[in-house]
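The report below describes a single chain through its sheets, its helices and its aromatic contacts. Please keep the structure open while reading, so that each residue can be found as it is named.

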Amino acid sequence: MRALIVSDIHSNLEALEAVIADANERGGFDTVWCLGDSVGYGPDPEACLDLLRSFPLVAVAGNHDRAALDVRESADFNNAAAFAADWTARRLGQDYREFLGGLPEVTRAGEFTLVHGSLRSPLREYLLNEEAAASTFGRLTTSYCLVGHSHMPFLCLENREGPLFVQFTEDEVFPLDPRRWIANPGSVGQPRDYDPRPSYALFIKDVGDPAGTLERHRVEYDRAATQEKMRQAGLPQSLIDRLNYGV
């Protein structure tokens, strides 16, 4: 079994296409697990949703997905994010709105719980410290949890001394074990860890493997093409520029 784990695609079609191509070169995948924020910020919301839905898909809602359906959900966004949310909302057809509106805030795939932010606050909380991680571990009913939202890749291990954050090192294979883990694959469409390349993960479980492995990869994409489409769409320059720097 092989699952492609993606998060925070943010309507960046070129980035998503590059991730899928790279995952296929690494042996392919049977299903896609999407951790929310498929839309927002970028220029291709419908095309990204079409591509995601062309595969067997397990997905949860993100805060930008909700904001594309209800302007009140963007009340705490900065000006550029709110502009992009409104722009996205005005371009989504009814089928896409129904799809996004039907996404759960939390779901399960095997021994993985999928959520955008955290189990304490599925759409809003950035899981970036020990207190937030401990809260999610306290609510976790499966072996593992996958989160997005922060656009920052990491692994976090539950242990006696408290949650331990460790680097989700690129291209390294991490065997899963009976201990509980939280993992963030990073962002496909708008990385914020000072590396502009899309980041994603693969879960691989072979026959006879009791738990499976996680690995994280990055890939180059046609960033200039995405940026030009954003310019043509009139999206804020700050959103265009940040793709150059991974911030």
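Which residue in β10 does Y144 stand opposite? In this predicted model, the residue that stands opposite Y144 in β10 is W181. The two strands concerned, β6 and β10 (residues 181-184), pair in the parallel sense over three bridges.

**The sheet that holds Y144**

Strands β6 and β10 belong to an open sheet of six strands, whose order is β4-β5-β6-β10-β7-β8 and whose pairing is mixed. At its edges stand β4 (106-109) and β8 (164-166), each of which pairs on one side only. From one strand to the next, the twist of this sheet averages 20°.

After β6 the chain enters the loop between β6 and β7 (154-157), where H149 is found. Although H149 is not a glycine, its phi is positive, at about 75°. With a relative accessible area of 3%, under the 20% limit, H149 is buried.

**Aromatic contacts**

Y144 also takes part in the aromatic contacts of the model, which holds seven aromatic pairs. A pair of aromatic rings is described by the distance of the centres and the angle of the planes. For F112 and Y144 the ring centres are 5.1 Å apart and the planes stand at 40°, and because this angle falls between the limits of 30 degrees for stacked and 60 for edge-to-face, the pair is tilted. The contact links distant parts of the chain, since F112 lies in strand β5 (residues 112-115) and Y144 in strand β6 (residues 144-146), 32 residues apart.

Are these two residues, F112 and Y144, buried or exposed? F112 has a relative accessibility of 2% and therefore counts as buried, and Y144, at 6% relative accessibility, counts as buried as well. Together with W33 and F203, the residues F112 and Y144 form one aromatic cluster.

In addition to ring pairs, the model has arginines placed over the faces of phenylalanine rings, as set out here.

| Arginine | Ring it lies over | Distance from the ring centre |
|---|---|---|
| R53 | F99 | 4.8 Å |
| R216 | F168 | 5.9 Å |

**The sheet that holds F203**

F203, a member of the aromatic cluster with W33, F112 and Y144, leads to another open sheet. This sheet has six strands in the order β3-β2-β1-β11-β12-β9, with mixed pairing. Its edge strands are β3 (57-59) and β9 (173-175), and each of them pairs on one side only. Here the twist averages 20° from one strand to the next.

Within this sheet, strand β11 (residues 199-204) is joined to strand β1 (residues 2-6) by four bridges, and the two run antiparallel. Along this pairing, R2 stands opposite I204, while L4 stands opposite L202. On its other pairing, β11 meets strand β12 (residues 213-218) in the antiparallel sense over six bridges, and the bridge partner of F203 in β12 is L214.

Why can β11 be called largely enclosed by the rest of the structure? Six of the six residues of β11 are buried, so the strand is largely enclosed. The burial extends to both faces, with S199, A201 and F203 buried on one side and Y200, L202 and I204 buried on the other.

**From β1 into the helices**

The loop between β1 and α1 contains S11, which has a positive phi of about 60° although it is not a glycine. S11 is buried, with a relative accessible area of 0%.

Helix α1 (residues 13-25) packs against α2 at an angle of about 20°, with the axes 9 Å apart. Because that angle is under 35 degrees, α1 counts as roughly parallel to α2. The crossing of α1 and α2 is left-handed.

Helix α2 (residues 45-53) also packs with helix α5 (residues 94-101), at an angle of about 60° and with the axes 11 Å apart. These two helices, α2 and α5, are therefore oblique to each other, and their crossing is left-handed. The helices α2 and α5 also supply the arginine and the ring of one contact in the table, in which R53 lies over the face of F99.

Key
Residues are numbered from 1 along each chain as its sequence is written. This is a predicted model: local features need pLDDT of at least 70, side-chain atom pairs count only at pLDDT 80 or more; totals for chains, interfaces and linings use all residues. Side-chain values use heavy atoms; hydrogens and water are left out. Rings of Phe, Tyr and Trp (its six-membered ring) pair if their centres lie within 6.5 Å; planes under 30 degrees apart count as stacked, over 60 as edge-to-face and the rest as tilted. Buried means under 20% relative accessible area, exposed over 50%, partly exposed in between (1.4 Å probe, protein chains only). A charge sits over a ring if NZ of Lys or CZ of Arg is within 6 Å of the ring centre and within 35 degrees of the ring normal. Two strands pair if DSSP finds at least two bridges between them. Axes are lines fitted to C-alpha atoms, for helices over the stretch in contact, and angles run from 0 to 180 degrees between N-to-C directions. Angles under 35 degrees count as roughly parallel, over 145 as roughly antiparallel, 65 to 115 as roughly perpendicular and the rest as oblique. A crossing is left-handed if the near helix is turned anticlockwise from the far one by less than a right angle, and right-handed if clockwise.
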